Amino acid sequence: MRVLVTGGAGYIGSHVVRALLQAGHEVVVYDNLSTGHRQALPGGIPFYEEDIRVTERLTEVLLAERIEAVLHFAALSLVGESMQEPQKYYDNNVGGTLSLVTAMRQAHVENLVFSSTAAVYGEPEKWPILETAPTFPTNVYGRTKLVIEGLLADFAAAYGLRYVSLRYFNAAGAWPEGTIGEDHGTETHLVPLILKTALGQRKAISIFGTDYATADGTCIRDYIHVCDLAQAHVLALEHLGRGGECRIYNLGSEQGFSVRQVIETAKKVTQRDFAVEEAPRRAGDPAVLVASSAKIRQELGWQPQRSELETIVEDAWRWHKAQPGGYGD
Ligand code: UFG
């Protein structure tokens, strides 16, 4: 299919762009480069440095490029910042998506794959988390994504939009060749912070909370390789291409690892020792987040290939070693 990828220069978007090209799709990227990197894009694909909130321009591009489906990643995603600046998050994430689906209606583009998050579940009551679990986000970021899922359902019912919403658990890892990877201006995620510490760019890695009701007292998360996420997007797109129904799917490895286990794995993979500090809990962190991804496995045949924790850390390490300064832009 001929697809538009909004936020295609970002961490997850840029991996999905490559997976789409490998699967034989034609890709056009739309990104305002507010957090993305031009160097994350492969050469030779059409790229529009534009903001999705400018609806008329987006409509024009959808029509001119003869787009059949959109994969939508363009969003802000810092949980802490979202609590300080909710307006910015509602404007970019909710406002941006409203602009996108409006432009899609105007250009008669019906298919959308949406980048959602496990943050929609908030503090889950039981694990593994099914898509039918209650959704009570504990932060503004998660709330914007849940509002968008409601918006998509309403547009689907009234105007025939067809979408798949993918709720990611903890995305990590990098393209196995080490050519693209995670480079956030403000890094808050555990795996890249640990690897930056292993590289000597940070003095120590802090463990946020050691008194959780888990085996070793630290938070448990479900780490999923960014390339496995990317593959799920290709499957979701092809499902819509076949005329498939609207769906919401969790994307996780279905295995939980504690913060201490991730640090130990990183020490083994990098063969480096580094300082680890115990720090207070970070506000809003649930103790355990582990997905059930049975639904997408069964319905679309998704099979994660690289989501063993060691493989995730090895691939991320290759990227961090190759590009210690990230994209350097
Ligand atoms: N952590 C540390 N030290 C650090 C950084 C993180 O101990 O320096 C801990 C966190 O407290 C948490 C775990 O490592 O327990 C993972 O933290 P991340 O920030 O890497 O990821 P989160 O689980 O907080 O966030 C992820 C996504 C968000 C999403 C959230 C909920 O990155 O987009 O899951 O689904 F909102």
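# A tour starting from Tyr212

Select Tyr212 to begin: leaving out residues up to four places away in sequence, Tyr212 touches Gly217, Thr218, Cys219, Arg281, Arg282, Asp285 and Ala287. The model in your viewer is a predicted one, and that should be kept in mind at each stop.

Now colour the chain around this residue, and you will find Tyr212 in the loop between β8 (204-208) and β9 (220-221). Is Tyr212 buried or exposed? Its relative accessible area is 8%, and because the cut-off for buried is under 20%, Tyr212 counts as buried. To see one of its long-range partners, draw a distance from Tyr212 to Arg281: these two residues are 69 apart along the chain, and their C-alpha atoms are separated by 8.8 Å.

Stay in the loop between β8 and β9 and select Thr214, which has its place there too. Thr214 has a relative accessibility of 15% and counts as buried. Show its surroundings, again without residues up to four places away in sequence, and Thr214 is seen to touch Ile220, Ala287 and Val288. The pair Thr214 and Ala287 is worth a distance label, since from C-alpha to C-alpha they are 7.4 Å apart in space while lying 73 residues apart in sequence. Ala287 is also among the residues that Tyr212 touches.

**The two domains**

Next, colour by domain, using the assignment that gives domain 1 as 2-169 + 224-251 and domain 2 as 190-221 + 254-328. The centres of domain 1 and domain 2, taken over C-alpha atoms, are separated by 24 Å. In the contact between them, 28 residues come from domain 1 and 25 residues from domain 2.

**Helices α6 and α8**

Select residues 190-198, which form helix α6, together with residues 259-270, which form helix α8, and look along the place where they pass: their axes come within 10 Å and cross at roughly 40°. That angle makes α6 oblique to α8. The crossing in which α6 passes α8 is right-handed. Show the side chains at this meeting, where α6 brings Leu190, Val191, Ile194, Leu195 and Ala198, and α8 brings Val259, Val262, Ile263, Ala266 and Thr270.

Follow the chain on from α8 into the loop that leads to β13 (275-279), and select Gln271 there. Phi of Gln271 is near 60°, which is a positive value in a residue other than glycine. With a relative accessibility of 68%, Gln271 counts as exposed.

**The nonpolar cores**

In soluble globular proteins, nonpolar side chains tend to be buried together. To see this model's largest nonpolar core, which has 42 residues, select Val5, Ile12, Leu20, Leu71 and Leu166, the residues with the most contacts inside it. The elements giving two or more residues to this core are β1 (2-6), α1 (11-22), β2 (26-30), β4 (69-72), β6 (162-168), α7 (226-241), β11 (247-251) and α9 (294-300). Which element gives the most to this core? It is α7, with 9 residues. With the domain colours still on, note that this core draws at least three residues from each of domain 1 and domain 2.

Centre the view on Leu166 and, leaving aside neighbours within four places in sequence, show its contacts: Val113, Phe114, Ser115, Ser116, Thr117, Ala232, His233, Ala236, Tyr249, Leu251 and Ile296. Apart from this core lies another, of 26 residues, which you can find by selecting Ile52, Leu58, Ile67 and Ala103, among its members.

**Backbone stops and a helix glycine**

Move to His108, in the loop between α4 (86-106) and β5. Phi of His108 is near 60°, a positive value in a residue other than glycine, and at 68% relative accessibility His108 counts as exposed.

Go on to Pro128, in the loop between β5 (111-117) and α5 (140-159), and show the backbone on the side of Trp127. The peptide bond from Trp127 to Pro128 is cis, with omega near -5°.

For the last stop, select Gly150, which is found in helix α5. Gly150 has a relative accessible area of 30% and is partly exposed. A distance drawn from here to Gly185, which is 35 residues away along the chain, shows the two C-alpha atoms separated by 30 Å.

Key: Residues numbered from 1 in each chain as written. Predicted model: local features only at pLDDT ≥ 70, side-chain atom pairs only at ≥ 80, totals over all residues. Heavy atoms only, no water. Core = buried A, V, L, I, M, F, W, Y, C linked by side-chain atoms within 4.5 Å. Buried < 20%, exposed > 50% of the residue type's maximum accessible area, 1.4 Å probe, protein only. Helix = DSSP H or I, 4+ residues; strand = E, 2+ residues; numbered from the N terminus. Domains from an automatic or database assignment. Contact = heavy atoms within 4.5 Å. Axes fitted to C-alpha atoms, helices over the stretch in contact; angles between N-to-C directions. Parallel < 35°, antiparallel > 145°, perpendicular 65-115°, else oblique. Left-handed = near helix turned anticlockwise from the far one by under 90°.
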